[in-house]
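Student: Could you take me through this chain, beginning with its overall form? I may change topic as we go.

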Amino acid sequence: MFTIQSLVDRSSLELGVLVPGRPGALEEPIAWVHNTELPDPSAYVREGELVLTNGVWLDRVDPERFVRHVKKAGAGGIVFGLRAELPATPPALIEACREEELPLLEISIAVPFTAVSEAVADMLADERKQSLVGMVRRGDALATAISRGAGASGVLDVLRRDHDLPLAVVDRMARSLAVAGADLAADQLHAVAAGLARHPPALEVDLGEVGRVALFPVGAVGDIDAALICLRPLRELAAAERAALEQTARFLSLEVAKQQAVQAIEMRFACELLEMILSGGRRATEVPGRLRAFGVDPGGPLAVCAVAFAQGEAATMHGLAEVIGELFAAEGVPAVVAGGTQDVVAVLPWRHPERELPLLAQRLVRGVERRFPGRRPVAGLSGIAAQTAELRPRLLQSREACRVLRRTSTGPSVRAFAELGTHRLLLGMLDAETTHQFSGELLGAMKDHDARRDGELELTLRTFLDHDGQWGATAAALHVHVNTLRNRLAKITELTGRDVGRTEDRVDLFLALTIDAMD
């Protein structure tokens with residue numbers, strides 16, 4: 001990058017500054033030099049060019065108008081060349097440049113404009129040479145960092161040797177892969193991921209208090225999988241900085257591709273492990289070895305956790321298994337995590353009291369909620385397996401518990417198989433459309449009655465069943481007289497066709513209310 005000041009510093013050009021322009025103008029980059037004697041050169045001067053003129057136009061236009069034309073074109077300044085007929089820069093030109101805050105330089109008669117052009121060409125050539133040398137050197141350093149397993153953080157360190165920029169690498173699942181001089185909150189990570197999801201990806205993203213930041217896509221195998229983020233807007237980045245960021249993003253693509261390949265292999269082995277557990281027989285003998293390969297001790301107590309998103313949403317999403325693996329790692333718990341279309345299953349060692357396992361699962365669910373905002377994850381737990389031979393029923397238990405929880409839109413998001421109750425397990429095994437039809441037909445008339453008359457028949461029925469059909473306890477809980485309760489229950493019998501005094505009818509009503517609560 002060359003500037004007006006860098007030209008002034010070349011003593012051979014004999015340049016003198018008459019007007020420095022606005023603060024910092026002498027240090028701003030210059031695009032090129034433009035020699036002109038036109039009264040209005042604005043149609044030909046490019047932004048950032050330095051205008052060279054001998055003032056031949058002075059007999060056709062006044063200096064104020066000429067300066068306005070040059071300023072309109074966005075020129076970086078004016079160099080006035082003295083000549084025998086005009087041995088001093090016109091005062092009116094000096095005053096006009098001062099009014100417009102446009103830099104004005106004076107060059108002696110002894111120095112031709114070609115000397116300025118040659119100097120600029122030399123400086124540009126040297127700049128390009130240094131840029132190419134720097135790019136090659138940086139490319140070698142980036143390749144070395146990746147080959148030695150330095151990861152995304154090592155790649156950022158290489159870039160920051162040349163450019164002290166605040167940087168981060170964020171993937172499309174809003175995960176921070178590396179940071180250097182930057183610290184992004186969860187909502188800012190999601191804003192970056194949203195920018196990546198656009199087609200084409202955004203060039204800048206607004207991160208609130210941080211302001212607008214530059215985004216350089218990082219792709220692997222043709223897809224945009226992550227972004228190199230510089231916590232500055234694009235307009236504040238110099239050309240050399242942008243070139244370095246783009247180069248680094250390309251090398252990060254190699255690192256992301258390598259990570260994806262490793263994750264794909266690990267996921268395949270994890271899925272094969274689940275198949276071994278489910279198939280039993282001779283393949284079951286391979287399970288201990290596979291567990292050891294994932295850092296899980298097969299000789300101690302083991303637990304199984306199945307995670308999915310609740311009903312009305314896709315059961316799993318791209319990246320869910322990776323997120324769950326990261327959350328277990330953050331807890332310091334080694335786990336085999338396998339993802340599928342219906343759930344993500346984790347097998348983990350558990351030497352703590354069994355009552356503490358739901359607490360871990362709840363933290364896991366909260367972590368998934370943060371990474372997938374707007375979705376409701378649920379987790380089903382098994383009992384503890386004392387040895388690998390007991391893993392198959394534990395795996396089935398956790399997945400069944402998760403499947404039952406998926407049918408709910410409210411209530412607990414974590415449940416162990418033993419906590420679900422027989423009726424919930426049975427309902428979970430039935431077709432959802434069938435159960436909804438049963439509940440709707442049985443309770444529909446009662447609900448319509450409550451809606452039309454602002455009644456409390458449904459509340460009365462729930463309270464009556466919750467108190468095991470005890471009239472006095474139910475009336476007290478509802479704060480009504482027993483006769484009022486009797487009249488309400490009679491109306492419920494009339495509308496539903498079920499007698500709350502008969503056990504089999506109570507079962508029907510209880511199941512219908514449970515199905516309704518699960519929606």
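Tutor: The discussion below moves from the whole chain to one helix, one strand residue and the cysteines.
This is a predicted model, in which local features need pLDDT of at least 70 and side-chain atom pairs count only at pLDDT 80 or more, while totals for chains, interfaces and linings use all residues. Residues are numbered from 1 along each chain as its sequence is written, and side-chain values use heavy atoms, with hydrogens and water left out.

Student: What radius of gyration does the chain have, and what would a compact globule of 519 residues have?

Tutor: The chain has 37 Å, whereas a compact globule of 519 residues would be near 24 Å. The radius is taken over C-alpha atoms, and the globule rule is 2.2 Å times the number of residues to the power 0.38. Along the principal axes, the C-alpha atoms fill a box of roughly 120 × 65 × 30 Å.

Student: How many helices and strands are there?

Tutor: There are 17 helices and 15 strands. These are DSSP runs numbered from the N terminus, with helices being H or I of at least four residues and strands being E of at least two.

Student: Turning to α6, which of its residues are buried?

Tutor: In α6, the buried residues are Gln188, Leu189, Val192, Ala193, Gly195 and Leu196. They lie on the same side of α6 because they cover an arc of only 155 degrees around the axis, the arc being that of the directions from the helix axis to the C-beta atoms. Buried means under 20% relative accessible area, exposed over 50%, and partly exposed in between, with a 1.4 Å probe and protein chains only.

Student: And which exposed residues does the face turned away carry?

Tutor: That face of α6 carries Asp187 and Ala197.

Student: Where is Ala226, and what is it in contact with?

Tutor: Ala226 is in strand β10, residues 223-230, and is buried at a relative accessible area of 0%. Leaving aside neighbours within four places in sequence, the contacts of Ala226 (heavy atoms within 4.5 Å) include Leu196, Val169, Pro217 and Val256.

Student: How many disulfides are counted?

Tutor: The count is zero, a disulfide being a pair of cysteine sulfur atoms within 2.5 Å.

Student: Why is there no bond for Cys305?

Tutor: The closest cysteine sulfur to that of Cys305 is in Cys402, 7.9 Å away, which is too far for a bond. Cys305 is buried, with a relative accessible area of 3%.
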